Protein chains: 4
Amino acid sequence: MNTSFKDQIEQFKNQNQNRGRLLVSCPDQPGIVSAISQFLFSHNANILESSQYSTNPEGGIFFIRIEFECPGLKEKAASMEQQFIEIAEKFSMDWRLTPVYKVKKAAIFVSKELHCLQELLWEWQSGDLMTEIALVISNHEVARDVVEGLKIPFHYIPANKDIRQQVEEKQLQLLEEYDVDLIVLARYMQILTPNFVAANPNKIINIHHSFLPAFIGARPYERAYGRGVKLIGATSHYVTNDLDEGPIIEQDIARVDHRANVDTLKKIGRSIERSVLARAIKWHVEDRIIVHQNKTIVF
Amino acid sequence: MNTSFKDQIEQFKNQNQNRGRLLVSCPDQPGIVSAISQFLFSHNANILESSQYSTNPEGGIFFIRIEFECPGLKEKAASMEQQFIEIAEKFSMDWRLTPVYKVKKAAIFVSKELHCLQELLWEWQSGDLMTEIALVISNHEVARDVVEGLKIPFHYIPANKDIRQQVEEKQLQLLEEYDVDLIVLARYMQILTPNFVAANPNKIINIHHSFLPAFIGARPYERAYGRGVKLIGATSHYVTNDLDEGPIIEQDIARVDHRANVDTLKKIGRSIERSVLARAIKWHVEDRIIVHQNKTIVF
Amino acid sequence: MNTSFKDQIEQFKNQNQNRGRLLVSCPDQPGIVSAISQFLFSHNANILESSQYSTNPEGGIFFIRIEFECPGLKEKAASMEQQFIEIAEKFSMDWRLTPVYKVKKAAIFVSKELHCLQELLWEWQSGDLMTEIALVISNHEVARDVVEGLKIPFHYIPANKDIRQQVEEKQLQLLEEYDVDLIVLARYMQILTPNFVAANPNKIINIHHSFLPAFIGARPYERAYGRGVKLIGATSHYVTNDLDEGPIIEQDIARVDHRANVDTLKKIGRSIERSVLARAIKWHVEDRIIVHQNKTIVF
Amino acid sequence: MNTSFKDQIEQFKNQNQNRGRLLVSCPDQPGIVSAISQFLFSHNANILESSQYSTNPEGGIFFIRIEFECPGLKEKAASMEQQFIEIAEKFSMDWRLTPVYKVKKAAIFVSKELHCLQELLWEWQSGDLMTEIALVISNHEVARDVVEGLKIPFHYIPANKDIRQQVEEKQLQLLEEYDVDLIVLARYMQILTPNFVAANPNKIINIHHSFLPAFIGARPYERAYGRGVKLIGATSHYVTNDLDEGPIIEQDIARVDHRANVDTLKKIGRSIERSVLARAIKWHVEDRIIVHQNKTIVF
């Protein structure tokens with residue numbers, strides 16, 4: 001990582017050493033917000049942003065995301081987590097408390113099409129994507145120059161379906177070595193094994209080049225052209241073992257007309273893929289997403 | 001039809017008695033535009049708007065739509081058509097020459113959900129949809145008041161899949177009686193038989209409440225909810241015998257988030273369905289659409 | 001009001017007799033959410049949806065909207081309000097607690113263009129806009145039939161700038177008589193006096209036919225055409241005494257191209273005006289809007 | 001320019017050596033299309049795409065853009081231009097005939113914000129923007145590395161309003177030296193003198209960071225924040241001597257809400273600025289734009 005970006009990250013960490021986020025989901029009942037907010041108040045935390053949603057007033061699921069400022073958070077975080085367990089157990093909560101200064105580490109997987117990688121690198125360089133890009137893994141060499149030019153480690157691991165297992169072993173080893181929190185498939189074009197996916201639940205984000213569930217699988221632009229659609233789209237989703245069936249994080253579309261051939265669709269599509277993936281990654285990195293029953297709540 | 005709208009139509013016919021449209025598709029080769037434009041010039045026609053598109057410079061298909069002003073068109077139209085045959089044969093053209101003053105006659109089919117019908121009636125009343133609404137056919141009585149209130153004939157024909165053939169016989173008879181050019185399925189919710197479809201090629205326009213090819217078939221909003229999509233849409237298309245597989249005319253979408261339940265999706269969706277269907281009908285009525293190999297060219 | 005809609009409102013009131021909304025804004029400090037949520041919990045209220053936002057972690061303004069379910073709300077509402085005063089004073093809150101079963105009463109002002117009125121009536125008839133349309137006031141007779149056809153009182157009050165004061169006296173009298181909570185200017189095209197506006201702070205919602213602050217004032221479509229813009233828009237805002245300068249609630253746009261003349265812009269614009277106004281009214285009616293320093297927070 | 005892109009350009013030139021574009025505007029009358037298409041046919045040209053538009057059937061202005069394939073164009077172009085003069089004079093045409101293989105040469109002017117430059121470089125590298133980027137001129141050094149890394153000449157010319165004339169003299173000299181057809185102000189942030197503008201009519205394209213005519217002039221995001229708009233936008237236009245008043249080529253917007261502060265608006269805005277400018281440049285480079293009375297016809 002080059003120095004100027006290291007400085008940016010350090011500055012961000014300093015500015016956010018008291019900033020925390022609490023995400024909770026649990027069966028709905030009265031008293032949850034009261035218990036959580038009293039807990040935060042008792043630690044002198046000021047709630048800056050809070051979003052809450054319940055699936056159903058009766059017998060539904062309760063979801064909340066709170067961003068707060070808490071003096072001395074760095075020192076208190078561990079004990080706060082410890083003390084929150086009591087509340088969590090009382091309400092049967094799934095929860096996480098994440099200090100904002102712990103910047104997430106991402107691995108980006110790419111193949112030969114670099115536009116999604118480029119967008120992420122760009123957002124990252126301009127300080128708009130606050131994550132550490134720990135490494136880039138590719139089954140091709142084309143991305144090496146741009147990645148290493150930014151002092152980001154680049155790992156070339158040739159891949160095809162016959163050697164999938166060995167490839168993934170190497171990849172998993174690298175992910176562990178770099179202590180990665182998030183895997184971005186930025187048009188990686190290789191299918192992952194159930195093992196790999198199971199090892200990284202809700203941590204792998206893919207960009208699919210269609211508005212799912214239309215055009216699941218290969219060659220969506222060719223099929224969009226064949227069908228004569230007037231809109232093309234892109235979908236970012238968490239990866240599960242059902243191809244292109246994981247929880248959708250974000251989608252967008254662009255209008256096209258009869259003059260567009262497959263190449264034109266691909267060109268127009270690139271720009272949607274770029275922005276849809278970038279938004280999804282930002283929301284993930286800012287702890288805005290809760291996954292529930294193959295859907296996302298995006299706060 | 002009430003008098004004020006009759007006046008509007010008469011006024012439109014008077015204003016457009018010299019206005020014509022020529023639509024052509026044929027194998028591409030040099031000289032087509034030249035031949036057509038010389039033909040029009042020789043009849044003193046002034047080209048007001050012309051859009052042309054070829055699928056491929058070599059061995060492709062040529063499409064053109066020309067709107068022109070031609071003094072005395074009303075008297076000349078038949079002889080122009082006669083004379084155009086020579087050019088058409090030379091270039092193996094599919095073509096039609098439509099005088100604008102011949103306002104198209106539409107039949108609207110509805111079921112119980114009236115929002116699409118309402119939108120069309122509204123556009124029609126405000127003079128934005130220049131067609132004669134010859135009649136409304138429904139398998140329910142709910143639309144009767146609003147339709148008859150506008151002095152449009154309303155025909156109640158109960159329908160279900162067991163009596164499909166008798167129902168369609170009655171419908172076809174009415175379409176003939178009213179000399180209908182266009183059939184709009186404004187959320188009609190009944191499947192048409194191959195016979196009915198074959199009798200009305202590229203004349204039946206449907207609105208489907210999803211961005212096709214996602215959620216083909218029944219209950220698309222329920223399935224969109226189940227899948228957790230972040231966009232919902234609507235698609236207007238010509239009806240063929242493959243369910244929801246006909247040539248797409250127009251599509252649009254709206255963003256939704258995790259707070260939307262099925263009812264909310266339906267409410268948001270209604271407004272997209274309304275505008276997508278209205279645009280498709282207008283383009284059809286203005287002779288802007290050429291169907292080619294299950295796709296539409298919309299000029 | 002016709003009976004079927006009266007039934008719909010009664011049903012809604014019954015379903016929501018325990019549903020309340022609390023809106024608060026105050027200087028930010030720790031403990032606000034805790035105090036509010038404890039208060040609600042102490043009344044057995046279950047928080048269903050909560051949105052919060054602070055302008056600034058230090059010295060900023062805190063805003064929250066909470067929707068809750070509280071058994072026996074109808075009986076308890078007055079005493080809850082009474083008890084909340086203590087919290088409100090402690091934190092210097094602006095606040096309101098609104099029971100959902102108290103459906104708001106709206107007056108719609110129109111002139112000769114009826115598309116915005118029609119959209120509201122339609123949403124209202126289909127149960128998507130949960131308000132009582134208490135009366136329609138117009139300086140023209142054109143809307144009478146459609147309004148009275150729905151059994152809504154229609155008041156014709158001719159207006160022009162010379163008799164502004166007498167006109168507004170009549171209007172204010174009617175608003176009092178019908179106990180109106182909300183005034184919708186659905187393309188009313190008359191300027192209101194400072195007196196009238198002062199009497200109805202944050203209660204008058206206007207639709208302006210441009211994306212403000214572009215084309216403030218009269219004839220925005222003509223000026224959009226003159227400027228050759230590629231987008232046209234509409235803006236819904238609360239009315240203040242600065243023409244078209246009040247807090248913006250919602251805006252939207254549509255793409256246009258060089259082929260659009262002023263009439264086409266108006267036609268396209270109508271559909272944006274309709275949906276922008278309808279969304280703004282719904283948000284107001286659902287108590288989703290807080291006005292702060294000439295801006296809106298829309299939860 | 002690096003070799004791989006040189007190859008791309010050479011390949012494009014080879015593929016398009018017979019491809020030409022004819023743009024015409026003139027007073028409308030019958031016979032124009034006929035004369036043009038006969039002319040093209042007489043040179044064996046096949047019309048691939050043609051778009052035409054008239055402002056008014058009677059006494060209006062006629063515009064047409066034709067893209068054609070003409071064997072031996074490279075050799076014939078000059079004599080075709082010569083022969084077309086007769087038709088042009090007969091109909092009082094403004095016209096240009098541009099061979100596609102003559103790739104346009106662009107100069108990009110930037111200041112410190114590089115996102116628009118980056119987008120153009122990116123589109124250019126991926127072959128989506130078929131122009132020669134002849135040079136980049138900046139009043140800051142920040143862009144040097146990225147520009148020279150792509151083997152594009154970079155010229156640093158410090159600028160401020162006191163030395164405007166000397167600066168522009170140097171710039172005009174460079175533009176002549178590099179034989180530039182198009183000047184892109186990719187967030188250049190300096191005002192040009194009437195001299196400079198007059199020397200380059202309809203050849204300077206600017207990106208303004210608002211949906212014009214809203215927020216003309218400086219600091220549009222700050223003013224958008226102050227006004228509390230719910231949409232922000234960007235506008236690409238030809239530069240004239242009225243600040244931000246030149247013919248609009250393209251505009252787009254993004255939705256924002258109350259949570260966005262000025263910095264957020266700028267981040268969101270960058271992505272709109274990038275795509276709006278890129279589309280405008282592409283349309284210019286593909287000879288899709290005709291300027292008429294401070295408006296653009298974009299075919």
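**View 1. Polar contacts and salt bridges link chain A to chain D.** In this predicted model, four residue pairs are in polar contact across the interface of chain A and chain D, both partners being at pLDDT 80 or more. Helix H4 (115-125) and helix H9 (262-285) of chain A each bring at least two residues to the side that touches chain D. H4(A) gives the most to this side, with five residues. By residue class, the side of chain A that touches chain D comprises one nonpolar, four polar and nine charged residues. Salt bridges join the picture too: the count between chain A and chain D is ten. For a close look at one of them, find the side chains of A:Lys267 and D:Asp128, which meet at 3.6 Å, N to O.

**View 2. Chain A and chain D share a contact of 14 residues from each chain.** Together the two chains bury about 1100 Å², with 43% of it on carbon and sulfur atoms. Three residues are worth picking out in chain A: A:Trp122, A:Asp128 and A:Arg274 lose the most area to chain D, and together they make up 47% of what that side buries.

**View 3. A turn of 180 degrees lays chain A on chain B.** The superposition has an RMSD of 0.0 Å, and the shift along the axis is 0.0 Å. The two copies are therefore related as by a two-fold rotation axis. To find the axis from chain A, look for A:Ala214, whose C-alpha is the nearest to it in that chain, at 2.2 Å. Both copies use the same surface, since 100% of the contact residues of chain A recur in chain B.

**View 4. The contact between chain A and chain B takes 32 residues from each chain.** About 2700 Å² is buried between chain A and chain B, 53% of it on carbon and sulfur atoms. In chain A, the residues that lose the most area to chain B are A:Arg227, A:Lys230 and A:His258, together 27% of what that side buries.

**View 5. Six salt bridges span the interface of chain A and chain B.** One to zoom in on pairs A:Glu250 with B:Arg255, their closest N and O atoms being 2.6 Å apart. Between these chains there are also 22 residue pairs in polar contact, both at pLDDT 80 or more. Helix H8 (220-227), strand S11 (248-255) and strand S13 (295-298) of chain A each supply at least two residues of the side that touches chain B. S11(A) gives the most, with seven residues. The side of chain A that touches chain B divides into 15 nonpolar, seven polar and ten charged residues.

Notes: Residues numbered from 1 in each chain as written. Chains lettered and ligands numbered in written order. Predicted model: local features only at pLDDT ≥ 70, side-chain atom pairs only at ≥ 80, totals over all residues. Heavy atoms only, no water. Contact = heavy atoms within 4.5 Å. Buried area = accessible area lost by both parts, 1.4 Å probe. Salt bridge = Lys/Arg side-chain N within 4 Å of Asp/Glu carboxyl O. Polar contact = N/O pair within 3.5 Å; in protein donor to acceptor, adjacent residues only side chain to side chain. Helix = DSSP H or I, 4+ residues; strand = E, 2+ residues; numbered from the N terminus. Nonpolar A, V, L, I, M, F, W, Y, C, P; charged D, E, K, R; others polar. Least-squares fit on C-alpha atoms with pLDDT ≥ 70 in both.
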